[in-house]
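Trainee: I want to test the labels used for this model. Can we go through them one at a time?
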Amino acid sequence: MSTPCFLSSAARSFSLPCPAAGLLRCRLLGPCSVTSFRRNMSSKSQMDHLERTANNYRQNALYPAQVCGIINESETVKRLRLAVHPDFSFKAGQWVDFFIPNVEKVGGFSMCSSPGLLQREGIVELAVKYAKHPPAHWIHTMCTVGSRVAMRVGGDFFFHPTPSDPTVHLLLVAGGVGINPLYSILLHSTDLLRLNRASGGRDYNISAHLCYSAKNTQELLFKSSIIEACREFPDKISCDLHVTQQSIDVDSHLQPFINHGRIADEDLRAHVDPQRTLCFLCGPPPMIEALSKNLMDFGLPKDRILFEKWW
């Protein structure tokens, strides 16, 4: 379900009541500071996402946002479309601290949309898997079109090239909902490749290969858009989609892209060039640790392997 994405004049300000912190008011005329808000939160409420990311970069500003669309991306994942303040900005691959009225726990969710969509429509998107953790549970059971939240951007895991950067080949490796920041990077890459095409090949010399593993094709998020990107730029973008527990036949239009079983060493080795490859990994910690070691064994320098671990 969705409605036109806008923030009406009637919603020029809103409040986030928090059990431990009293009242936080955010105005669409500008961001607000959360320094005092965080100081008053209990130590228990700072566990989970805030604790794990305490040493990561964060913007100072907290911005209001309003849910303007909710899509069932799969049986277990909902995708939110959020209209945001005009000053809101992020780099492809980053996440947000997600503040919900009357929910003490703060969520942490990676953007699954591109900075280009934000520029064009003033929209960011988050894809959230069902969980009992309060922020995810709220999204799946209580969030509706029109719900108001607040978000703060953070994260050191991003792709933000300049037009004159040397040629780069992106190797994007995702497990499960670890696809979210990598899908943002892939979408950003397609936006940059359109600029490359418009410039006659002078700017943004990028190519990308995505290796993405999930239990079954139902849980392969964004698969149609990923395949569309491969077809739009067949010489620049490619993908291998892996399923580990597929119990029914794969749809014919997906079959050319589907591999049965986990991502194997040979799936990665062919896409590693120690001079040009920049690898982004996102998924469960054991997967990240094993693949990082394998990539270094293939000769990829450690500083060209970037990862985000999600629990």
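Mentor: Start with the aromatic cluster formed by Y63, F88 and F90. The model is predicted.

Trainee: What makes Y63 and F88 an edge-to-face pair?

Mentor: Two values decide. Their ring centres lie 5.8 Å apart, and the limit for a pair is 6.5 Å. Their planes stand at 75 degrees, and over 60 counts as edge-to-face. So the pair is edge-to-face.

Trainee: Where in the chain do the two residues of that pair lie?

Mentor: They link distant parts of the chain, 25 residues apart. Y63 belongs to strand 4 (residues 61-72). F88 is in the loop between strand 5 (77-84) and strand 6 (95-100).

Trainee: Why is the pair of F88 and F90 called tilted?

Mentor: The ring centres of F88 and F90 are 6.4 Å apart, and pairing needs them within 6.5 Å. The planes make 55 degrees. Stacked needs under 30 and edge-to-face over 60. The angle meets neither, so the pair is tilted. By this rule there are seven aromatic pairs.

Trainee: How do you know whether the cluster residues are buried or exposed?

Mentor: Buried means under 20% relative accessible area. Y63 has 8%, so Y63 is buried. F88 has 3%, so F88 is buried. F90 has 7%, so F90 is buried too.

Trainee: What makes you say that the charge of K91 sits over a ring?

Mentor: The charged end of K91 is 5.2 Å from the centre of the F158 ring. The distance limit is 6 Å. The charge must also be within 35 degrees of the ring normal. K91 is counted as sitting over F158.

Trainee: Turn to strand 6. What makes strand 6 largely enclosed?

Mentor: Six of its six residues are buried, so strand 6 is largely enclosed by the rest of the structure. Both faces are covered. W95, D97 and F99 are buried on one side, and V96, F98 and I100 on the other.

Trainee: How do you know that strand 6 pairs with strand 7 and with strand 9?

Mentor: Pairing takes at least two bridges. Strand 6 and strand 7 have five, in the antiparallel sense. V96 stands opposite F109 in strand 7. Five bridges also join strand 6 to strand 9, again antiparallel. There D97 stands opposite R152.

Trainee: What lies between strand 6 and strand 7?

Mentor: Two residues, and the strands form a hairpin. N102 in the turn has a positive phi of about 65 degrees.

Trainee: Which residues of helix 4 are buried, and what covers them?

Mentor: In helix 4 (residues 134-141) they are P135, A136, W138, I139 and H140. The cover includes strand 5, strand 6, strand 7 (103-110), strand 8 (123-129) and strand 9 (148-154).

Trainee: Why is N72 called exposed?

Mentor: N72 has a relative accessible area of 55%, and exposed means over 50%. So N72 is exposed. N72 is placed in strand 4. Leaving out residues up to four places away in sequence, N72 touches V77 and K78.

Trainee: Now the parallel sheet. What makes strand 13 and strand 15 its edge strands?

Mentor: The sheet is open, with six strands in the order 13-12-11-10-14-15. Strand 13 (258-260) and strand 15 (305-309) each pair on one side only. The twist averages 15 degrees from one strand to the next.

Trainee: How do you know that strand 12 and strand 13 pair?

Mentor: Three bridges join strand 12 (residues 237-243) to strand 13 in the parallel sense, and two are enough. L241 has I258 in strand 13 as its bridge partner.

Trainee: Which strands does helix 5 touch?

Mentor: Helix 5 (residues 179-198) packs on the sheet against strand 10 (168-175), strand 11 (206-214), strand 12 and strand 14 (277-283). Its direction makes about 150 degrees with that of strand 10.

Trainee: Why call helix 5 largely enclosed?

Mentor: Of its 20 residues, 15 are buried, so helix 5 is largely enclosed by the rest of the structure.

Trainee: What span is expected for helix 5?

Mentor: At 1.5 Å a residue, 28 Å is expected. From first C-alpha to last, helix 5 reaches 28 Å, close to that value.

Key: Residues are numbered from 1 along each chain as its sequence is written. This is a predicted model: local features need pLDDT of at least 70, side-chain atom pairs count only at pLDDT 80 or more; totals for chains, interfaces and linings use all residues. Side-chain values use heavy atoms; hydrogens and water are left out. Rings of Phe, Tyr and Trp (its six-membered ring) pair if their centres lie within 6.5 Å; planes under 30 degrees apart count as stacked, over 60 as edge-to-face and the rest as tilted. Helices (H or I, at least four residues) and strands (E, at least two) are DSSP runs, numbered from the N terminus. Buried means under 20% relative accessible area, exposed over 50%, partly exposed in between (1.4 Å probe, protein chains only). Axes are lines fitted to C-alpha atoms, for helices over the stretch in contact, and angles run from 0 to 180 degrees between N-to-C directions. Contact means heavy atoms within 4.5 Å. The expected span of a helix is 1.5 Å times one less than its number of residues.
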